[in-house]
Structures are given as structure tokens and as C-alpha cells.
Amino acid sequence: QLQLVESGGGLVQPGGSLSLSCAASGFSLDVYTVAWFRQFPGKAREWVSCISSSGRFTIYADSVKGRFTSSRDNAKNTVYLQMSSLKPEDTAVYYCASAPHRSGTLQEICMRERGIDNWGKGTLVTVSS
């Protein structure tokens, strides 16, 4: 069974840091671009970042640029999202998703969800004092 599982969410104070993981099972992530999305309560999902299959290339939404960093360890079949300088407005359910790396550019996969064929169930991040 092809599956993505996020972990690492929780409660953190404003200005704090949190690291999310996205572990794949049933398939090898090394030929997939992996995207992070988030969804605020009652609002549409928005993209956060994308990382290429090799990990050499990443893109970030303006709202998180300079604060969030995506990385991956293909040997562990896992992608990470390191979040720092967290703000209350970062509170959301965070999802990872995968698309075959030939589905398109990072922009197409992240911004248009092109080729995305697997989604995790999400992990809740709450930023509050």
C-alpha cells in the first residue's frame, strides 16, 4: 500500500521551531518530487514548499521563505520540513504529497498540484502562547 505519513506536529510558542517529517512506505520516494501544503481552518489548502527528487532544488511560498527549510533523506525514504520563527498565522494542518518527478517543474507541481498522486493525512501545527 502506497502511503505518506506526516509526523512532528504539535503545540509551539510564537518564535519557536518545529520539524515535520514525511515518511513514505510502499514506494520509493527518490523519483518523486515532494510538496508540503497546509490548510487553515475553514480555508482552502495552500502550498508551502516543494523539493526535487534529488533534493538539490527547493521552492517556498513567500509567506514562509527564510523561515522554513525542506530537505530529504532518500535513503530513509523521508522528507523533512524544518520550521522556525513560527507565527500564530502558521497554525494549520500540514500535509505532504508526492508527484512523479517528471510530472512537471517544481512550480507546476506545487502551485497547480500537477501530477500529485499521493497525500498524507496531515499533522496539526499550533502556534500559540
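How many disulfides does the count come to? In this predicted model, the count comes to 2 disulfides, and the points below take these in turn before moving to the salt bridges.

1. The disulfide of Cys-22 and Cys-96. These two cysteines are joined with their sulfur atoms 2.1 Å apart, which falls within the 2.5 Å that defines a disulfide. Because Cys-22 belongs to strand β3 (residues 18-25) and Cys-96 to strand β9 (residues 92-100), the pair ties together parts that are 74 residues apart in sequence. The torsion about the S-S bond of Cys-22 and Cys-96 is about 75°, and the disulfide is therefore right-handed.

2. Surroundings of that pair. Cys-22 has a relative accessibility of 0% and so counts as buried, and Cys-96 is likewise buried, its relative accessible area being 0%.

3. The disulfide of Cys-50 and Cys-110. Here the distance from S to S is 2.3 Å, and the link of Cys-50 and Cys-110 is right-handed, with 115° about the S-S bond. Cys-50 lies in strand β5 (residues 45-51), whereas Cys-110 lies in helix α1 (residues 106-112), so the pair ties together parts that are 60 residues apart in sequence. Cys-50 is buried at a relative accessible area of 0%, and Cys-110 is buried at 1%.

4. Pairing order. When the bonded cysteines of the protein are numbered in sequence order, the pairing reads 1-3, 2-4.

5. Salt bridges in the structure. As general background, side chains of opposite charge can pair when their charged atoms come close. The structure holds 6 salt bridges, and one of them brings together the side chains of Arg-38 and Glu-46, at 2.8 Å from N to O. Arg-38, with a relative accessibility of 2%, counts as buried, whereas Glu-46 is partly exposed, with a relative accessible area of 28%.

6. A network. Which residues are linked with Arg-38 in a network of salt bridges? The network links Arg-38 with Glu-46, Arg-67 and Asp-90, so that a reader who follows the bridge of Arg-38 and Glu-46 in the structure may look for Arg-67 and Asp-90 as well.

7. Two further salt bridges. Asp-62 forms a salt bridge with Lys-65, and the closest N and O atoms of this pair are 3.1 Å apart; Asp-62 itself counts as exposed, at 67% relative accessibility. Arg-114 forms a salt bridge with Glu-108, where the closest N and O atoms are 3.2 Å apart, and Arg-114 is partly exposed, with a relative accessible area of 43%.

Notes: Residues numbered from 1 in each chain as written. Predicted model: local features only at pLDDT ≥ 70, side-chain atom pairs only at ≥ 80, totals over all residues. Heavy atoms only, no water. Helix = DSSP H or I, 4+ residues; strand = E, 2+ residues; numbered from the N terminus. Buried < 20%, exposed > 50% of the residue type's maximum accessible area, 1.4 Å probe, protein only. Salt bridge = Lys/Arg side-chain N within 4 Å of Asp/Glu carboxyl O.
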